[in-house]
Structure formats: C-alpha cells, structure tokens
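Could you walk me through this model in the viewer, one selection at a time? I'd like to know what to click on next and what I'll find there.

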Amino acid sequence: MESRDHIDTTLNHLFRQESGKMVAVLIKIFGTENIEMAEDVVQDALVSALETWKFRGIPDNPKAWLYRTARNKAIDIIRRKKHSKTIDFSDPERKLLTSEYTLASTMDNFWKEQHIQDDFLGMMYACCHPDISSENQITFILKSLCGFSTKEVARSFLTSEDTISKRLYRTKEYFRKHKIRPRIPFPEDINTKTKVVLSAIYLMFNEGYNATHDDQLIRKDLLSQALWLCKSLLDNERTQLPEVYALMALMLFHTARIDSRISDQGELILLSDQDRNLWNKELIAKGSNYLNQSAFGESLSTYHLEAAIAYQHCTASSYATTNWKEILNYYDLLLTIDNDPIVFLNRSLVILELNGPEEVLKTIQKIKNHKIMSTYYLYHAILGEIHERLMLPNKAVEYYQQAIELTQSKLEQSLLRKKIGRILN
Amino acid sequence: MKQFMFLFKGGDDVWDAKSEEEQGAHMEKWMQWIGQMAEQEKYVGGERLYPAVKTIHPGGKKVTDRSFAEAKELVGGYITVMAETLEEATEMAKGCPGLQWESSVEVREVWPDEA
C-alpha cells in the first residue's frame, strides 16, 4: 500500500496545478450555468484518486489518470442528463455529446491540450468581467481556478467562510443569468479585457505581498498563484501582450526580495536595511528578462514603469547607490498615465532621498486634502519619517501613532512602534 | 427542408473483430462525418443500439431472439438529418464510415414531411 502522506502530497500538488484547468474544461462542457456540476466532477475525480491510489499505488502519470477519470465522469453525467433540461444541448458545441456515435470523440476533443489552456484562460477572462466586483473576481479565481478551499480563500481575505460562500454564489448567479461564454477575447478587445485580468492578478499578488497576513504560508501561496496565472497568460500566443510581460517582471522583482523583508523575529525590515545578499538573483534575472521582452508595441503601462522602478532597486548594489534620479523619472511618467495620489505619495519618498525633508514637505502638500490620505497609514508614516528627519520628534511620534491606528498589519504596527522607540530613546 | 433517417444495418461482426484502438479511430471518422453535417445545421440527433434483439411477431404471441441469418439486416442505430430531397440525403449518407466496415445505410424520409 502506498503511504498516505505520499499520496496526499502528490494529490495536493496536482490539485493546485490541474483542478482549475479541469474545472474550466468541464464548465465548457456543461455550460456556465452548471459550474457546481463541473466542480463536483473534479472533486469526485480527486476522491477516486485517493481511494484507488491507496490500494494500487500512484500511477505512472497521475495527471493523465486524473484527467481521464474526470472525462469518464463527465461522460456518465452527459448520459444521465441527456433528456433533462439541466444542460443546454441545443448549443452547437454540445449537440454532438447527445449521440453515442459522437459522444466519446467529442468529449476527447474537449480535453485536448491546446483546448485546455484556452478554456482555462477563457475562464479567467470570464470571471474578470467588469460587472463582477474585483474582490468577487479574485475570490472566484482562487476557489475555482487555483484550487483553494473556501477556508483558504477566507484566510487570504481575512474574512469569514460565510462571506466567501456568498461572494462565490453571487458570481455563479451572474454566470447563470447571463449565460457567459468563457473564451479568450477577440484581438480587438484583448487589450482592454486583459487589463482587468492583470489588475485581478496584481491585486492577488499584493494581498500576499503586503504584510497584512501573519500567516506566511497563505502569503506565499497567493504570490505563487499570481505568478502562475500571469505565466499562463504568457504561455498562450494570443495573450502575450507587453503589459503581461511587464507585470510578470514586476512581480518577480518583488518576489525576489520577499525573504529579506521580514526578519527571523518576524519583523518588517525597511529597504534601506535589507540584506541584499538575501535577494534572489535568479528571480531578478528572470524578471529582467521579462522586462526586456515587455518592450514591444506602443503601450507603456503602469506595470512597465513600476517594474522599471523595482528593477532599479533590485540592481542597486546598496541603498546609497540607488539611482534615485532615474526612479524619479519613472514616477513622473507614472503620474502622467495615472494621477494617483498613492503614486504621488510613493514618489515623495524618492524626493526625500534626493532633495531632503524640507523639499518633500512642500510637495506632499499637494495631496494633503485628498480624502484617501486622512485614513491611509502610509501617508502618516511618511509624514512621521519627514518630521523625524526635520528633528521634530514630537510631531514625528504623533504621526507614527496615527499610522499605527490606521493599519491592520501587525508587522507594520511593530515597525512603526520601533521607530517611535528609536525617537524616544 | 425535410427530415430523413439513416438506418445503419449490419457490420457488427466487423466491429467485434477490431481492436479498441481501431474502434476508437473508426468512431473519430463518425465524429467527423456527423460533425460536418452538424456544422451545416443538417444534423438532428441519433442513437446507437446494442445488438441484443427480441422480436415480437404479428399477433403478439410469438417472441424470438435474433437469428444468425438476420445479422446483415440488424439495425445498429440511426441518425436523423435535414435535407431537401431523398437524393440529397442519399448523397449525404454515402459519407457514412460504417460503409467501410460492412454496414449498409438505409435512407428514409421521416413521416410526415413538415411543409
């Protein structure tokens, strides 16, 4: 008998990698009004694997085994539902599933490698519909395409399983009502539609990257899923857009530094204090590669510029030798694309390095009255930093304290407390 | 457009003698043949039948099993398609892959014709 642990590990790994693709294919077979049916088949295939492998051992090609099992279960369901109204067989793509003369071949056609990839991406585009809120988009992606359990999704969003179930329900209802047909968009729409997909991926990445989570495992999971989704876009000719390469580069640069951001004691370490030897050179090299590949076409996206900034940081030999001027250029370009107060705020940190605290205090006035700022912890943290450098300790402490109240992240809070401690001692 | 039925007869012995791979490849041809008609929106539907047979004879009392002599006449399945005329339907039926495996195809118009 195969060891239970070994089977569990193989299955978990496979499940994360393949369940989303299997779900996407099955949704194509059953229709978006039958997402649960698709998810149930995948779940059933997994249970069969667990039971069969326990006695017969893990097959030579576990992935093929899982796919074949899902395929056979889908055939069973089609045969059973042939005369019910659950599945819409009037659809030309499904018509040939109704006769035994064509069922098996039609079914096999659905499971061909190139179709699987297309269906998977098609599903990603389908759930990144502008009518679906971005948190519902990511919830659905994590659950249905990345094989997260409801519990894991809930932990990713720091919310209850109940909330996640409701979000999933709403998204499925939307699919059902509108009979959304998942597919990779036509060339004339691909740019706009990919933007929504990329922002969902980046949001997922940031959810993992930002230190809101104490749970390291969940964070790493989110990062690797975001990278994996972006990579699947890059693996398909139709979705190899400059912005996709740029986002991939950006995320790799961030990921390369992740281990140096948190100390062994679980505290956040600032960029200036990070041990650059810990940065993952392989990921930085990969990122640079993608950044080079992103330089085609006419679009200069925010991802290009953010990646260019991250590249400057990643390749500077020390904090002191960072090319702040170049970075400032990129920030200025960013602001011309999107006059985002948060970008402006981050830009002011560059001004602080280049021109000192007096100068930055002047520029930051520009966004002082922006309504996001009053509740944004980073704004207050930066003001704390500025006042600390201006040798105004009381004011600095005041700002830091406000920042502590405004962030949920325990890591950020403890970093800010450390700064206060540094001033008071 | 009128509806026609293609009745596939015989060929079971050939089918049984083939390997699973050969059968799979053969069904792939059926898929292409029917798929093409479906693309032209001429395919309606169809079913495949198992070879076990019981015949109830006139009067309703006598029931017999399939006899060997009838093997060539045994209906193995049917599909319904749309065509303008019996001649057009017959042309379509000539593409049936079963013809290569010793099946025959009987083409019949479905009654009544929906005018």
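Here is a tour that starts with chain A, moves on to chain B and ends where the two chains touch. Keep in mind throughout that this is a predicted model.

**Stop 1: chain A as a whole**

Select chain A and show it as a cartoon. You'll be looking at helices and no strands: the secondary structure comes to 19 helices and zero strands. Turn the chain along its principal axes and the C-alpha trace spans about 80 × 50 × 40 Å. Of the 425 residues in chain A, 39% are buried. If you take the contacts with a separation of 6 or more, 64% of them in chain A link residues 24 or more positions apart.

**Stop 2: the nonpolar core**

Now go inside. The largest nonpolar core has 126 residues, and the members that touch the most other members are A:Leu26 and A:Met124. Colour helix H12 of chain A, residues 242-256, as well: this helix brings the largest share of the core, eleven residues.

Then centre on A:Met124. Leaving aside residues up to four places away in sequence, A:Met124 touches A:Ile141, A:Leu145, A:Val197 and A:Leu229. Show those side chains as sticks and you have one small piece of the core to look at.

**Stop 3: the loop between H9 and H10**

Next, select the loop between helix H9 (161-178) and helix H10 (190-209) of chain A, where A:Lys179 is found. Check the backbone here: phi of A:Lys179 is near 45°, which is a positive value in a residue other than glycine. Is A:Lys179 buried or exposed? A:Lys179 has 11 other C-beta atoms within 10 Å, so this residue counts as exposed.

Stay in the loop and slide along to A:Ile184, which also lies between H9 and H10 of chain A. A:Ile184 has 23 other C-beta atoms within 10 Å, so this one is buried. What does A:Ile184 touch, not counting residues up to four places away in sequence? Select A:Asp118, A:Leu121, A:Gly122, A:Tyr125, A:Arg238 and A:Thr239 to see the answer. With the distance tool on A:Ile184 and A:Thr239, you should get 8.2 Å from C-alpha to C-alpha, for two residues 55 apart in sequence.

**Stop 4: the loop between H17 and H18**

Jump to A:Met391, in the loop between helix H17 (377-389) and helix H18 (393-406) of chain A. Phi of A:Met391 is near 60°, again a positive value in a residue other than glycine. A:Met391 has 8 C-beta neighbours inside 10 Å, so A:Met391 counts as exposed.

**Stop 5: over to chain B**

Hide chain A for now and select chain B. This chain has three helices and six strands, and from the N terminus on they run β-α-α-β-β-β-β-α-β. The C-alpha atoms of chain B fill a box of roughly 40 × 40 × 20 Å along the principal axes. Buried residues account for 18% of the 115 residues in chain B. Residues 24 or more positions apart make up 79% of the chain B contacts with a separation of 6 or more.

**Stop 6: the sheet in chain B**

Colour four strands of chain B and read across the open sheet: the order is S2-S5-S1-S6, with antiparallel pairing. Which strands stand at the edges? S2 and strand S6 (104-109) of chain B do, each with a single partner strand, so one side of each has no neighbour in the sheet. From one strand to the next, the twist averages 15°.

Zoom in on strand S1 (residues 2-9) of chain B and S5(B): the two run antiparallel and are joined by eight bridges. To find your place in the pairing, pick B:Phe4, whose bridge partner in S5(B) is B:Val81.

Now add helix H3 (residues 86-93) of chain B. H3 lies across S1, S5 and S6 of chain B, and runs at about 155° to S6(B).

**Stop 7: where the chains touch**

Bring chain A back for the last view. Here 14 residues of chain B are in contact with eleven residues of chain A. On the chain B side, the elements that give two or more residues are helix H2 (20-39), strand S2 (43-48) and strand S5 (75-83) of chain B. H2(B) gives the most, with seven residues. Colour this side of chain B by class and you'll find seven nonpolar, four polar and three charged residues.

Note on methods:
Residues numbered from 1 in each chain as written. Chains lettered and ligands numbered in written order. Predicted model: local features only at pLDDT ≥ 70, side-chain atom pairs only at ≥ 80, totals over all residues. Buried ≥ 20, exposed ≤ 12 C-beta atoms within 10 Å, placed from the backbone. Contact = placed C-beta atoms within 7 Å. Nonpolar A, V, L, I, M, F, W, Y, C, P; charged D, E, K, R; others polar. Pairing = 2+ DSSP bridges. Axes fitted to C-alpha atoms, helices over the stretch in contact; angles between N-to-C directions. Core = buried A, V, L, I, M, F, W, Y, C linked by C-beta atoms within 7 Å.
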